[in-house]
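Welcome! Let's learn to read a helix and a strand together.

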Amino acid sequence: MSEIQVHDVLIVGAGPCGLAVAARLSERMPAANFSDDEHQRYHWIQKHRNRASIKNYKTGLEIRRKSSTTPPDKAGLDIAVLDATGNRWMARWDHLFKTFNISHLRSPMFFHIDPAERDGLLAYTHRNDRGNELTELRGCVGKELSKHQRKKRERSGRIPKTEPTVDERDRNDYFVPSTPLFASHCGCLIDRYDLRDNMVCQEKVEDIRFDYLEEYSEVDKIFTVRTDTAIHHAKTVVLAVGGNPPEIPDPPAEGMEGVTHAMHIKEMPSARVREKLNAKVQANIVIVGGGLTSAQLADLAIRRGVSKVWLLMRGPLKVKPFDVGLEWVGKFRNFEQAAFWTADSTEERWEKIKTARNGGSITPPYKKILERHMSTGRLCLLQNTSIEEKHWDPCSKTWAVSLSDKTQMLPPIDHIYFATGVQSNFECLPFLKSMCTEYPIESCGGLPCITENMAVSGLPSYYLLLPKSPSVFVVSWRDDVPLFVAGRLAALQLGPGAPNLIGARIGAERIAWSIQDFLGARESGNETDLMKREFDYLTGRGSRYDTLAAEIA
């Protein structure tokens, strides 16, 4: 056997999804996705684990109390991370938030990537006295109604039956954190799980293959990941990418210097526009898109002196607090999510995803910001309008733009920004060409139909006896391929919230369970057997009666 290095886990992407997976693999006692019943057992063991000795009734082996300062470990896993943007966690995320000058996240407080605690971000905020960095999401939380009051109002027609209700007791969750606060919390996770130490390498993945490697083994296949600078090997791979590379719709043959996709913006506004503004010359830009990014760019451009901004939306303006409807965001008893997981077909799930996200939308605060700019005449919002033609003048370096709404005439435009998001078509990702050819899988809406099979290779047989619940779904490429998918591309398994922070955490939970079982990271032995029983008890895996084999000394 050769001395080549084979990582246990190779994560492609160092954004929130990649960090969530690495943190979850490093957390021996996860609790962020536990039910209330599981939380009761978890908190008792967490409370007493360092103050009591535990004796195995079969062997008599006694595990003495441990210091509460014992740091968590990564279960001995060799984890490597590749990211095309930078050599640190959250590099692209931080760059985009800084470029767009985003002050607060859109996600509520219970959307985070901390695997140790369901209210980890909220606890971190108050533990560090940073409550002043939270902004309330108004209109989400209403007065709690009794069942009798609700039925009475439904019968009278005063409220629709489908209206989501967020109880007053959950008000603390419906705040959004500031960008620096969320960054600090992520930094806390990185330090807690010791995920620095040059774990992230700045390399662009070009190809992934899964096959036998003669220098390593003739019986076990491994992954060979080729990047622009090196070749890596791993037993399992996690794709934590944000979708396809950004593309400009109908790219022009000339004048590319005058168009930019929002994800490619390096400075706002462009150098050419800034030159005109510094010379006190009128500068006009067009922003295409109906999501929050388009509103953020319009606001930023106007605040930085752009004379006039035209914001074009191909549909109507949609305003809602989150990317998905409030009925999908509930912390508990999420009926929409339950209906999604019990859908009869992949196509039905895809339809639910499209209905739930329903295109781009902006938040109520940004609606007020846009209205303020419109009242000053510096912003023109055109709904149900798209660009019909655009012609570049190389002499004046401006665009002549004609719109689908013929009543609107635009002056020469200095720059066009496309805040049109990114596509989610895994078959078009260059580094997955080999996998799609050698291990083909079906797709729906451009998303991979990855497994939900509980009998994935390497999983124990008792998984077959468990009910098919979301907590044991597996998000791997195929039963025989330990390639796991997180984030946007796992939407058919995670639901409409897959591209968001809550999808990152739930996906990381499922992936970590599968990886730990596939690798057999927990070695045999008296102490580790007891730890395994404790872990199974906490997470509801196997039989709870198994834990009666150990007693408190």
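Here is a short dialogue about one helix and one strand.

Q: What should I know before I start?
A: This is a predicted model, where local features need pLDDT of at least 70, side-chain atom pairs count only at pLDDT 80 or more, and totals for chains, interfaces and linings use all residues. Residues are numbered from 1 along each chain as its sequence is written, and side-chain values use heavy atoms, leaving out hydrogens and water.

Q: Which residues of helix 10 are buried?
A: An α-helix has 3.6 residues a turn, so residues three or four places apart point the same way. In helix 10, the buried residues (under 20% relative accessible area, 1.4 Å probe, protein chains only) are Arg349, Ile353 and Ala356. Down the axis of helix 10, they fall within an arc of 70° (taken from the directions from the helix axis to the C-beta atoms), so they line one face.

Q: What do the buried residues of helix 10 pack against?
A: They pack against helix 9 (335-341), strand 19 (447-448) and helix 13 (491-494), with contact meaning heavy atoms within 4.5 Å. Helices (H or I, at least four residues) and strands (E, at least two) are DSSP runs, numbered from the N terminus.

Q: Which way do the residues of strand 17 point?
A: In a regular strand the side chains alternate between the two faces of the sheet. In strand 17 (residues 415-418), His415 and Tyr417 point one way, Ile416 and Phe418 the other, and all are buried.

Q: Which strands run parallel to strand 17?
A: Strand 11 (residues 259-261) is joined to strand 17 by three bridges and runs parallel to it; here valine 259 has isoleucine 416 as its bridge partner. Strand 12 (residues 284-288) is also parallel, joined by four bridges, and valine 288 stands opposite phenylalanine 418. Two strands pair if DSSP finds at least two bridges between them.

Methods: Buried means under 20% relative accessible area, exposed over 50%, partly exposed in between (1.4 Å probe, protein chains only).
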